[in-house]
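This report walks through one structure, beginning with its helices and ending with its charged pairs and its surface. Please keep the sequence and the 3D view at hand while reading.

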Amino acid sequence: MCADRMRSIIIAIIIGLAMGATATNMQLAFIMMLAVLVALLVDGFLGFCPIRAVLQNILPKCEDR
């Protein structure tokens, strides 16, 4: 598993958990979605994704495979 694929899986899991939290009217859902939104905006504007930076220390990059 490479870092970029794992990043997508983690973001999908966070979105799924936030959807479940929304069903129970938890404020946690808003915070989770806000964190994903900020991470994606930072990635889009600056080209730096904090999730990817951490995962690349653990997993190989997709180009290295």
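Against which helices do the buried residues of α2 pack? In this predicted model, the buried residues of α2 pack against α1, which covers residues 3-23, and against α3, which covers residues 50-58.

**Overall architecture**

The chain has three helices and zero strands, and from the N terminus on its elements run α-α-α. Taken along the principal axes, the C-alpha atoms fill a box of roughly 45 × 25 × 15 Å. Of the 65 residues in the chain, 22% are buried. When contacts between residues at least 6 apart in sequence are considered, 69% of them join residues that are at least 24 apart.

**Helix α1**

The 21 residues of α1 should span 30 Å at 1.5 Å a residue, and the end C-alpha atoms of the helix are 31 Å apart, which agrees. Within α1, the residues A3, R7, I11, A18 and A21 are buried. Seen down the axis of α1, these buried residues fall within an arc of 85°, so they line one face of the helix. The face turned away from that buried side carries the exposed residues M19 and A23. The buried residues of α1 pack against α2 and α3. Another residue of this helix is I15, which is partly exposed, with a relative accessible area of 29%; the C-alpha atoms of I15 and L55, which are 40 residues apart along the chain, are separated by 18 Å. After α1 comes N25, whose phi is positive, near 55°.

**Helix α2**

Helix α2 holds 20 residues, 27-46, which should span 28 Å at 1.5 Å a residue, and its end C-alpha atoms are indeed 28 Å apart. Its buried residues are A29, M32, V36, A39 and D43. These residues cover an arc of only 105° around the axis, which puts them on the same side of α2. On the other side of α2, the exposed residues are Q27, F30, I31, F45 and L46. For L46, which belongs to helix α2, the relative accessible area is 67%. Just after α2, G47 takes a positive phi of about 75°.

**Charged pairs between the helices**

Side chains of opposite charge can pair when their charged atoms come close. The structure holds three salt bridges, which are listed here with their N to O distances.

| Salt bridge | N to O distance |
|---|---|
| D4 and R52 | 3.0 Å |
| R7 and D43 | 3.3 Å |
| D43 and R52 | 3.3 Å |

How are these pairs placed along the chain? The side chains of D4 and R52 meet in a salt bridge. D4 lies in helix α1 and R52 in helix α3, so this pair ties together parts that are 48 residues apart in sequence. A salt bridge also joins R7 and D43. That pair links distant parts of the chain, with R7 in helix α1 and D43 in helix α2, 36 residues apart. Taken together, D4, R7, D43 and R52 are linked in a network of salt bridges.

Which of these four residues are buried, and which are partly exposed? D4 is partly exposed, with a relative accessible area of 24%, whereas R52 counts as buried at 19% relative accessibility. R7 likewise counts as buried, at 13% relative accessibility, and D43 is buried with a relative accessible area of 16%. R7 has already appeared among the buried residues of α1, and D43 among those of α2.

**The exposed surface**

The chain exposes about 4,700 Å², and carbon and sulfur atoms supply 70% of that area. Which residues make the nonpolar surface patch of about 1,200 Å²? The patch is made by M26, L28, F30, I31, L34, L37, V38, L41, F45, L46 and F48. Among the patch residues, F30, I31, F45 and L46 also appear in the list of exposed residues on the side of α2 opposite its buried residues.

Definitions and conventions: Residues are numbered from 1 along each chain as its sequence is written. This is a predicted model: local features need pLDDT of at least 70, side-chain atom pairs count only at pLDDT 80 or more; totals for chains, interfaces and linings use all residues. Side-chain values use heavy atoms; hydrogens and water are left out. Helices (H or I, at least four residues) and strands (E, at least two) are DSSP runs, numbered from the N terminus. The expected span of a helix is 1.5 Å times one less than its number of residues. Buried means under 20% relative accessible area, exposed over 50%, partly exposed in between (1.4 Å probe, protein chains only). The arc is that of the directions from the helix axis to the C-beta atoms. Contact means heavy atoms within 4.5 Å. Patches are made of residues with over 30% relative accessible area and no salt bridge: like charges are joined within 9 Å, nonpolar side chains (Val, Leu, Ile, Met, Phe, Trp, Tyr) within 5 Å. Accessible areas come from the Shrake-Rupley method with a 1.4 Å probe; for residues, only the protein chains shown count as cover. A salt bridge is a side-chain nitrogen of Lys or Arg within 4 Å of a carboxyl oxygen of Asp or Glu.
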